[in-house]
Amino acid sequence: MVMGSLRLEADLVVIGGGPGGYVAALRAADLGRDVTLIDERDQLGGVCLLEGCIPSKTLINAVELATAAKDAKRLGVTFDSLKIDPVKLRGHTDKTVKILSRGVSQLVKARGIDVIRARARFTGPRSITLEGGEVSGIDFRDCIIATGSRPRTLPWSDGSGVWTSREALVLPDTAPATLVVVGGGYIGLELGLVYAGLGSQVTVVEFDQRLLGGADPDLVEIMVKRVRKQLHAIQTDSKVVGVERSGDGFVLSIERGGELETLETERVLVSVGRVPNTDALGLDSAGIETDAMGCIPVDAQCRSEVRNIFAIGDVTAGPMLAHKASREGKVAAEAAAGHASAFDNRAIPAVVFTDPEIAWVGITEQEALAQGRAVKVGKFPLRALGRARTLGRTEGLVKVLADAETELVLGVGMVGPWVSEMIAEGSLALEMGATLEDLLVTIHPHPTISEAIMEAAEMAAGAGVHLPR
Ligand code: FAD
C-alpha cells in the first residue's frame with residue numbers, strides 16, 4: 001500500500017462512502033460542517049450501490065420481466081424467442097451503477113466535501129492514518145464511522161474459489177449449468193432466482209428448517225410455492241461442511257439428518273450473512289470496544305463511547321440495510337452539528353425482492369406469539385382482490401397486526417407483486433401511531449394492490465366486507 005506524506009486537519013471526517021457515509025457527509029455539509037469523506041474504493045456508493053442493492057435489483061428486474069413475459073401466455077400475450085443476453089444485461093447493470101455513483105460524486109462535490117481515496121485506520125480518538133493516497137493522516141474534531149460490512153465466509157469456503165454475492169453480481173457471459181446457493185436468506189434467494197432466470201439449475205441449501213427465518217412462515221410459504229417452480233431444489237436442515245474442486249466444478253459435502261451427502265455443481269454461491277468492517281480499523285487505538293458480533297455500540301444519537309466518534313449503518317447492531325444506514329447517517333450528522341436528533345424510529349421495514357416479493361415492518365406474527373402479546377391480526381388474501389385478478393397474480397397476502405386493546409397498529413406484513421412499493425404505508429402507520437381505524441377509513445385507490453392493506457385492517461377490526469363473514 002502507498003502511504004503519502006501529507007498530514008491534514010479536519011473538522012468532520014466520515015469514513016466510508018456507502019448509503020450511511022455519503023448521506024451523513026451531505027447532511028453534515030448542509031448543516032455547516034467542513035466534511036472530509038474517505039473511501040478506499042474508486043467510486044462512491046459503497047456496497048449498496050456498487051455490489052449490493054442496485055446491481056442485484058437491476059438483474060432481478062430483467063429476470064422478472066422475462067418471467068412475466070413467459071407467464072403472459074395465460075393472458076393471451078405471447079413473445080417469440082424470448083431470451084436474456086447476459087452480456088447486455090451486465091452492460092446495463094454497470095451503466096446503472098456508474099450513473100448513480102457519478103450522481104453521488106456530483107452531490108458531494110457540489111457541497112464542497114473533500115473526498116480522499118484511501119484506507120483509514122485509527123491511531124487515537126482524534127486521529128487516523130491513511131493508506132493508498134497522498135495524505136498520510138488526519139487529525140479531526142469529529143468522526144463518523146460508516147465502513148459497512150463484507151460477506152461472511154465459512155471455514156471451508158475461504159480461498160476455495162466459491163462465489164460470494166460480490167462475484168455472483170458480475171454476470172458471466174454464460175450462466176453456469178448448475179449453481180448451489182449456500183444460505184437461504186434474502187441475498188441467496190434473490191441471486192439464486194437471478195441465475196435460475198438465466199437458465200442455471202439452482203439448488204438452495206439452508207442450515208435452518210426453513211427459509212427467511214425472520215419473516216412470518218405464512219408469507220414465506222406463499223413465496224416458496226411459486227419460486228419452487230423456478231428452482232431445481234430447496235434443501236433445508238442441511239449443513240455444508242466442505243468443498244472440493246472437481247474438474248471445472250465443485251463437490252460439496254453436506255450433513256443432513258445425521259448423514260453425509262455430496263452434491264456436484266459447476267458453481268457455488270455462499271451467502272450466509274455479513275460481517276461488520278470493524279476489525280481492521282484500529283478501534284482500540286481510538287478507545288472503542290466492539291460487541292461480540294464485531295459491531296460498534298452506539299446511543300440513540302449514533303454516538304460511540306468516545307463522544308466525538310459516531311458509528312452508523314452495517315457497523316452498528318440491527319438489520320444490515322441501506323435505509324437504516326441512511327437514516328442513521330442523518331441522525332449522526334445532525335447530532336454532530338449540535339441538533340437534538342435521535343434514531344427513535346419505531347420500525348425498520350424489510351423487503352425481500354423475490355417474485356412474489358415479501359415485506360414487513362414492525363412486529364411479526366411469530367414475534368407477537370413468542371412474546372405472548374395480545375394482538376388482533378387481520379389477513380386479506382390477494383385472490384379476493386380485483387387488481388390481483390386483473391394482473392393474473394393472485395398469490396399473496398397482506399396482514400395487519402394491532403394491539404388487542406388500543407388497536408394501535410404494531411406490524412404490517414405482506415407477500416405479493418409490488419409489495420416493496422407498499423410497505424412504506426405500514427412504516428408510516430407505525431411512525432404516526434396509527435390505529436386500525438386510521439388505516440381502514442383511509443381511502444385507498446381502486447383497483448390497486450394497496451387496497452389489501454385497508455382490507456386487512458378491516459379484517460383485524462372485524463369490519464371486513466370483501467370476505468365471507
Ligand atoms: P457500505 O455500503 O458497506 O459502505 C462502506 C464503505 O466503506 C465501502 O465503500 C467500503 O469500501 C468503505 N470502507 C470500509 N472500510 C474502510 C476503511 N478502513 N477506509 C476507507 N473506506 C473503507 N440493503 C437494502 O436496504 N436493500 C436491499 O435491497 C439490499 N440488497 C443487497 C443486496 C446484496 C447483494 C448485498 C450484498 C447487500 C444488500 N443490501 C441491501 C445491504 C446494503 O448494501 C447495506 O446494508 C448497506 O450498503 C450498508 O451501508 P453502509 O453505509 O453501512 O456501508
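**Exercise 1. Start just past helix 12: find the residue there with a positive phi, then work out how the helix sits.**

Step 1. Gly-433 comes after helix 12, and its phi is positive, near 65 degrees. Keep in mind that we're working with a predicted model.

Step 2. Now list the buried residues of helix 12, which spans residues 423–431: Ile-423, Gly-426, Ser-427, Ala-429 and Leu-430. They take up an arc of only 160 degrees around the axis, so they end up on the same side of helix 12.

Step 3. Flip to the face turned away from that buried side, and you'll meet the exposed residues Ala-424 and Leu-428.

Step 4. What do the buried residues of helix 12 pack against? Their partners are strand 17 (350–352), strand 18 (357–362), strand 21 (409–416) and helix 13 (436–441).

**Exercise 2. Describe the interface between domain 1 and domain 2.**

Step 1. Get the bounds straight. The domain assignment gives domain 1 (3–151 + 275–336), domain 2 (165–272) and domain 3 (350–460).

Step 2. Put a distance on the pair: the C-alpha centres of domain 1 and domain 2 are 28 Å apart.

Step 3. Size up the interface. Together the two domains bury about 1,500 Å², with 63% of that on carbon and sulfur atoms. On the domain 1 side, Glu-51, Leu-59 and Arg-90 lose the most area to domain 2, together 33% of what that side buries.

Step 4. Count the residues: 19 from domain 1 are in contact with 16 from domain 2.

Step 5. Go through the polar side of things. There are four salt bridges between domain 1 and domain 2, and five residue pairs are in polar contact across the interface.

Step 6. Which elements of domain 1 each supply at least two residues to the side touching domain 2? They are helix 3 (53–71), helix 4 (86–110) and strand 7 (149–151). Helix 3 gives the most, with eight residues.

Step 7. Look at one salt bridge up close: the side chains of Arg-226 and Asp-71 meet at 3.0 Å, N to O.

**Exercise 3. Place Glu-261 and decide how open it is to solvent.**

Step 1. Glu-261 belongs to strand 13, residues 259–265.

Step 2. Check the relative accessible area of Glu-261, which is 28%. Buried needs under 20% and exposed needs over 50%, so Glu-261 counts as partly exposed.

Step 3. Ignoring neighbours within four places in sequence, Glu-261 is in contact with Gln-235, Leu-252, Ser-253, Ile-254 and Arg-256.

Step 4. Finally, try a longer reach: Ala-286 is 25 residues from Glu-261 along the chain, and their C-alpha atoms are separated by 48 Å.

How values were computed. Residues numbered from 1 in each chain as written. Predicted model: local features only at pLDDT ≥ 70, side-chain atom pairs only at ≥ 80, totals over all residues. Heavy atoms only, no water. Buried < 20%, exposed > 50% of the residue type's maximum accessible area, 1.4 Å probe, protein only. Helix = DSSP H or I, 4+ residues; strand = E, 2+ residues; numbered from the N terminus. Arc of directions from axis to C-beta. Contact = heavy atoms within 4.5 Å. Domains from an automatic or database assignment. Buried area = accessible area lost by both parts, 1.4 Å probe. Polar contact = N/O pair within 3.5 Å; in protein donor to acceptor, adjacent residues only side chain to side chain.
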